[in-house]
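Visitor: I would like to go through some of the labels used for this model and hear the reasoning behind them.
Guide: Ask about them one at a time.

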Amino acid sequence: MKLNKTLLVLAMSALMLSACSGTDEKDASLTDGSQNAAGGINDASTSGLNKGSGAYGSEMSGSGMGGSGVSNGDYASTLGPEFNDPNNPLSKRTVYFMLDSSEVMPDFVPIIAAHAQYLVANPVQRITLEGHGDERGSREYNIALGEQRAKAVAGMMKVQGVSENQLQIVSYGEEKPAAFGSDEESWEKNRRVEIVYQAR
Amino acid sequence: MNFFRRILLIGLFGFNVPIGHAALTIEITEGVESAVPVAVVPFASQRAPVNISAVVNADLARSGYFKMMNEQGMPSRPSSIAEVNFKDWQGLGQNYLVIGQVTDAGGGQYNVQFQLLDVYKNGQLLGYRMTSSADDLRRTAHHISDLIFEKLTGKKGVFSGRIAYITTNNQGSKQQSHQLQVADADGFNPQTVASSVEPLMSPSWSPDGKKMAYVSFERKSAAIYVQTLATGERTRVAEFPGINGAPAWSPDGTKLALTLSKDGSPDIYVLNLSTRSLNRLTKGFSIDTEPAWSPDGSSIVFTSDRGGSPQLYIVPSKGGQEKRLTFSGDYNARGSFSPDGKSLVMVHGNGNDYRIAVMELANRSINVLTSGRSDESPSFAPNGTMILYASKKGRTGFLSAVSLDGKMQQKMAFNSGEVREPAWAP
């Protein structure tokens, strides 16, 4: 854990260096150090408009740490063979939803139950429930819809004994689509909650 | 007679981008039949780095108010009023003529002068002489367009304004990056304000145009930042558990309306930027989001699904009774006020189509302006004549603008990547 963090910080400074050498760094005076320094977590780079493109810390998702976005090849696959066995419900970590709905469909109840059981048996394990929506309608409203979906899954898990502090919820709305088309097939794939296992 | 007034243009920003670098190409997809014929004669120029008259011509064409004369059809190329034969231009059906010249003043400075002439009254409506550095020549050209536009329409021009938007490169790939950018209103001089591999959302300009609030997921959860554009300096102003979204600057610049779900379902709050105190405006189990201030700061319009489907509601900005505003259509969201406060623009959904619509507050009549299937994020131009919005065709997201009556449409196509969430600078 500690080692991981150190590595992250090292990797981050390396990235900053390479970012700087790659750009015409007239004045990479970038700020917000006070806030971003904490935790060694991802910083976005920001630029002053009247300066060169000042690169700052770069987004890091440290390899094997959950990855960014849509990938389901998250930390879970390292937890045990049951997470990779297609016949085991733990291998399924995406819950799909109907249009404009945050109601969990019957097909997904056993999948959520299996993850809930695993979490009850492994109380140190934490997960993030990432809520998503399709592209239709306005973006911030879709953020709200995505959160409702993630909360619906969280609610079912809590009923089955999963502790509140094992669950983290984030809604990405339509910002991280799994499929990129503008058709029913893509929309179905995008209305989802991803169950992402966190590194212990 | 003092025809010329000398004014000095001081560039707000010394942009460091190569001149002529465009991120957007603009295509007018629908024009107005009643457009007024105007001829912009190529300015006499000693090899200035920017073709000023071409920029002015493109600006005026883009507005939809004018029908620009093709350069090839011009009978002569006067650069001073003495050289103009008004009869020639009358015969060609031109109402107005723009002539001018650019001269090298040395030391990287240029003198730019132009005159707007009324072809039928054989006289000048407007004349200016300006000094501009080479870097500011495009800005000077947009300023000329603003002056001409205002003289001919009585409305403030928006050509020297700026727009913000979000763009994504390499979407879906490992190298995906999201950028919040600011560009001139014609898409030139794109500048990156913030960049992240995690999503960026909902840019909102401060009323003075100097700062921007936006949502960033860079820490794997939503947070709202306020960033000073000139320096890149920023502050994280909201990072509560759950949603931190939809920041909207109050007209006096002291507060942000935003959406937080820390207390359960998403609700509208007002954050005082100096004291950091929060005032909660809505409660209940429904989704309440997308706040937008009325121009006088007294009310906030927002989206709520409390009635079963998303509709627009209004609440006093200090808190109070909430009232429903929209009743027609099964989806009305992301409302915002016109600069005069008399109408609201919104995303209006019907079946599978989401379009931009304007509702007049006086009679609540809704006028659908666009015809796309997935139109969103409408933003009024500061002069209230145009609405900028995001549209999608297949996998490509692009920006479009539509006039308030829906008659003039233009598409702003990006050279690469997907572009969305436009916000016109105040």
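**Helix packing and a sheet in chain B**

Guide: In this predicted model, H1(B) passes H3(B) in a right-handed crossing.

Visitor: What makes H1(B) oblique to H3(B)?
Guide: Helix H1 (residues 52-63) and helix H3 (residues 137-153) of chain B pack at about 45 degrees, and their axes are 9 Å apart. Angles under 35 degrees count as roughly parallel and 65 to 115 as roughly perpendicular. The angle belongs to neither class, so H1(B) is called oblique to H3(B).

Visitor: How do you know which residues of H1(B) meet H3(B)?
Guide: The criterion is C-beta atoms within 7 Å. On the H1(B) side, Ile52(B), Val55(B), Val56(B), Asp59(B), Leu60(B) and Ser63(B) take part. Their partners in H3(B) include Leu137(B), Ala141(B), Ile144(B), Ile148(B) and Phe149(B).

Visitor: How many residues of each class does this contact have?
Guide: The contact of H1(B) with H3(B) has 9 nonpolar, 4 polar and 2 charged residues. Asp59(B) and Arg138(B) are in the contact, and Asp and Arg count as charged.

Visitor: Why are E24 and E27 of chain B called edge strands?
Guide: The open sheet has 4 strands in the order E24-E25-E26-E27 (chain B), with antiparallel pairing. Strand E24 (331-337) and strand E27 (366-368) each pair on one side only. On average, neighbouring strands of the sheet are turned by 30 degrees against each other, direction ignored.

Visitor: How do you know that E26(B) and E27(B) pair?
Guide: Pairing requires at least two bridges. Strand E26 (residues 353-360) and E27(B) have 3 bridges in the antiparallel sense, so they count as paired. Met359(B) stands opposite Ile366(B) in E27(B).

Conventions: Residues numbered from 1 in each chain as written. Chains lettered and ligands numbered in written order. Predicted model: local features only at pLDDT ≥ 70, side-chain atom pairs only at ≥ 80, totals over all residues. Helix = DSSP H or I, 4+ residues; strand = E, 2+ residues; numbered from the N terminus. Axes fitted to C-alpha atoms, helices over the stretch in contact; angles between N-to-C directions. Parallel < 35°, antiparallel > 145°, perpendicular 65-115°, else oblique. Left-handed = near helix turned anticlockwise from the far one by under 90°. Contact = placed C-beta atoms within 7 Å.
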